[in-house]
Each structure stands twice: as C-alpha cells, then as structure tokens.
Amino acid sequence: MLDIRGRPVPMQVYMSRLPDGRVAWLLADLTEYYARVMYAYGRFGQASWAEFAEWISEGAVAAIGCEMHDRRARRGDAYRPPLISAHDAQTALVPEVKLRLDQSGDSILWQAREYFTTHTVLNRPGEHLETMGIPEGHRWAGDRMGWLDATSFGIRIADGRNAVSSAHAAEVESIDPGFDIVAISNGTSIRDFEERLRTSGAADLRNPTSEEIQHAKAAAKKDLALALGFAAGEAEAISRRMVISYSGRMVPEKVSRGENGALCDANLRELA
C-alpha cells in the first residue's frame with residue numbers, strides 16, 4: 001500500500017526472474033487511475049503527468065525497499081545494497097523519494113547507489129510538481145529559476161547520470177551546469193552487429209571494411225523481410241533498398257510531425 005498525498009493507494013507488484021538472473025518487477029495500478037492508458041496523462045479520467053510520476057516513483061522505491069529488506073534478512077552479512085537506475089523524467093523523482101526514505105530512519109537503501117538516464121530533452125515538465133509531497137529541503141534539486149523541473153531532480157540527486165547522445169548531454173549540461181553527464185548513445189548493441197558480421201564472413205569484427213558492413217546489412221534486411229512473411233524474391237529485393245525506420249515511444253516529443261518535430265518534413269528529407 002502506497003501513501004500518496006496522505007491517501008492510501010493499493011499497488012500490485014508482479015515479479016519474474018530473467019534468464020541472466022536479474023529480477024524484473026511490474027507495477028500494477030489497482031485503482032486504474034494512475035496507469036490505465038499509456039501516455040494519456042490527464043485524459044480519460046486518468047492521472048496527470050505529475051500524479052503518474054509520483055505514483056511510479058513512490059511505487060518503485062517501495063518495491064525495491066521491500067525486496068531489499070527480504071534479501072538482507074536472507075543473506076545477512078552477504079547482503080549487498082543495489083544500484084538503482086531510473087530513466088527519463090517520469091522516474092526522475094526516484095532518487096528524491098529514496099532520499100526521503102533514507103531520512104525517515106529506514107536504513108535499507110542508505111548504501112544503495114542511484115543512477116539516472118535522461119532520454120528526451122523536451123520530456124522534463126514542471127507542471128503540477130508543486131502539488132507533490134516534495135519536502136522543502138529537497139526542492140533545491142529541481143529548482144529552475146523558481147519552478148520545479150522533474151529531470152533536474154534526477155540529475156542533481158543521483159550519484160551518476162548520462163544522456164543518450166553527445167548532443168543531448170551538451171544540451172542537458174547547459175540546463176544543469178556543474179553535474180558531469182556522460183554521453184552513451186542509444187542504438188543496437190555492438191555485440192548484435194558483430195554477430196551479423198561474423199555470419200556474413202567479416203575478417204575483423206572490430207574493423208570491418210565498408211563492403212563487409214554493406215553485405216552484413218543486406219543480409220540483416222533480407223532475414224527481417226523473410227521473418228515478416230515476404231517471399232524470397234521480395235526479400236532479396238528489399239535487402240538492396242535503403243531502410244529508414246523509427247523505434248521508440250509514440251509520444252509527441254519523439255514523433256511529432258509539426259514544423260520542428262522529430263518527424264517533420266525537413267528531417268525526413270535530410271534522412272533521405
């Protein structure tokens with residue numbers, strides 16, 4: 001049971017163990033107010049952006065804390081605190097919520113380390129954050145000239161932080177100067193592409209020639225076309241075509257077709 005703004009909010013936690021041994025938790029909103037329709041903040045009778053961010057941040061820290069209490073009881077002196085990694089503005093308040101837990105006297109996450117990744121420059125709203133239960137002593141972390149910025153909480157409180165490209169890191173650092181932000185580009189794992197190069201016959205996986213890269217990409221396009229149900233002849237033709245694709249969240253700041261949107265005509269022309 002969560003305590004959000006003095007109101008008891010039930011939450012269901014589903015846990016599964018991944019093949020590599022990691023544990024994944026899924027948080028379910030039993031009230032169907034905070035997380036019923038994805039990204040539909042303030043619509044269809046659903047919570048605002050700030051209310052959702054508060055629910056998932058409070059829920060994540062509560063779930064991690066509960067699991068760590070159980071783990072410490074089982075392992076005793078062998079217990080090791082976790083690394084808590086939060087992503088984008090919706091969970092940027094996780095470090096702040098953890099700080100509240102630390103100051104409450106609950107020691108379970110005192111030695112845990114926090115890491116924050118900012119993914120989207122425009123996804124850092126401050127609307128309605130004033131209505132959240134953020135203690136006055138913590139508001140410095142989100143203050144931007146008198147208003148609260150969700151992403152700044154994550155950047156300023158976490159022990160480490162990164163952006164998803166060098167350009168993104170430079171822009172974020174201008175908003176939160178004085179905090180080192182590492183640039184780690186999003187994209188396909190180099191190991192995945194190395195495997196494709198290997199099966200395509202590349203001699204040096206770390207230093208492939210342009211011809212080897214071209215051959216590996218064509219083979220990948222053909223395999224994808226076959227997996228999607230195209231006939232062999234069609235798949236072969238597709239393997240020789242340029243492919244422009246988008247893989248990401250269907251949110252306005254990422255897929256807008258407006259004048260300055262990510263998928264505006266000018267950007268598409270540059271890609272082509």
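Is G76 buried, partly exposed or exposed? In this predicted model, G76 has a relative accessible area of 39% and is therefore partly exposed, as the first legend sets out.

**View 1. Surroundings of G76 in the loop between α1 and β5.** G76 lies in the loop that links α1 to β5. With a relative accessible area of 39%, G76 falls in the partly exposed class, because that class lies between the limits of 20% for buried and 50% for exposed residues. In sequence, G76 and G105 are separated by 29 residues, and their C-alpha atoms are 20 Å apart in space.

**View 2. Packing of helix α1 against helix α2.** Helix α1 comprises residues 49-75 and helix α2 residues 94-103. The two helices pack at an angle of about 50°, and their axes are 9 Å apart. The pair is therefore described as oblique, and α1 passes α2 in a right-handed crossing. From α1, the residues S57, E58, A60 and V61 take part, meeting V94, V97, K98, R100 and L101 of α2. Sorted by class, this contact contains 5 nonpolar, 1 polar and 3 charged residues.

**View 3. V61 and the largest nonpolar core.** The largest nonpolar core consists of 20 residues. Those with the most contacts inside this core are V61, M68, I84, I108, L109, F116 and I181. Two or more residues are contributed by each of α1, β5 (83-87), α2 and α4 (166-175). When neighbours within four places in sequence are set aside, V61 is in contact with V94, V97, K98, L101 and L109. V61 thus appears both among the α1 residues that meet α2 and among the core residues with the most contacts. A second core, separate from this one, has 13 residues, including L93, L129, A141 and A150. In soluble globular proteins, nonpolar side chains tend to be buried together.

**View 4. Crossing of helix α5 and helix α6.** Helix α5 spans residues 190-199, and helix α6 spans residues 210-227. Their axes come within 9 Å and cross at roughly 100°. This angle makes α5 roughly perpendicular to α6, because values from 65 to 115 degrees are assigned to that class. On the α5 side, the contact is made by F193, R196 and L197. On the α6 side, the participating residues are E212, I213, A216, K217, A219, A220 and D223. The contact of α5 with α6 comprises 6 nonpolar and 4 charged residues, with no polar residues.

Conventions:
Residues numbered from 1 in each chain as written. Predicted model: local features only at pLDDT ≥ 70, side-chain atom pairs only at ≥ 80, totals over all residues. Heavy atoms only, no water. Axes fitted to C-alpha atoms, helices over the stretch in contact; angles between N-to-C directions. Helix = DSSP H or I, 4+ residues; strand = E, 2+ residues; numbered from the N terminus. Parallel < 35°, antiparallel > 145°, perpendicular 65-115°, else oblique. Left-handed = near helix turned anticlockwise from the far one by under 90°. Contact = heavy atoms within 4.5 Å. Nonpolar A, V, L, I, M, F, W, Y, C, P; charged D, E, K, R; others polar. Core = buried A, V, L, I, M, F, W, Y, C linked by side-chain atoms within 4.5 Å. Buried < 20%, exposed > 50% of the residue type's maximum accessible area, 1.4 Å probe, protein only.
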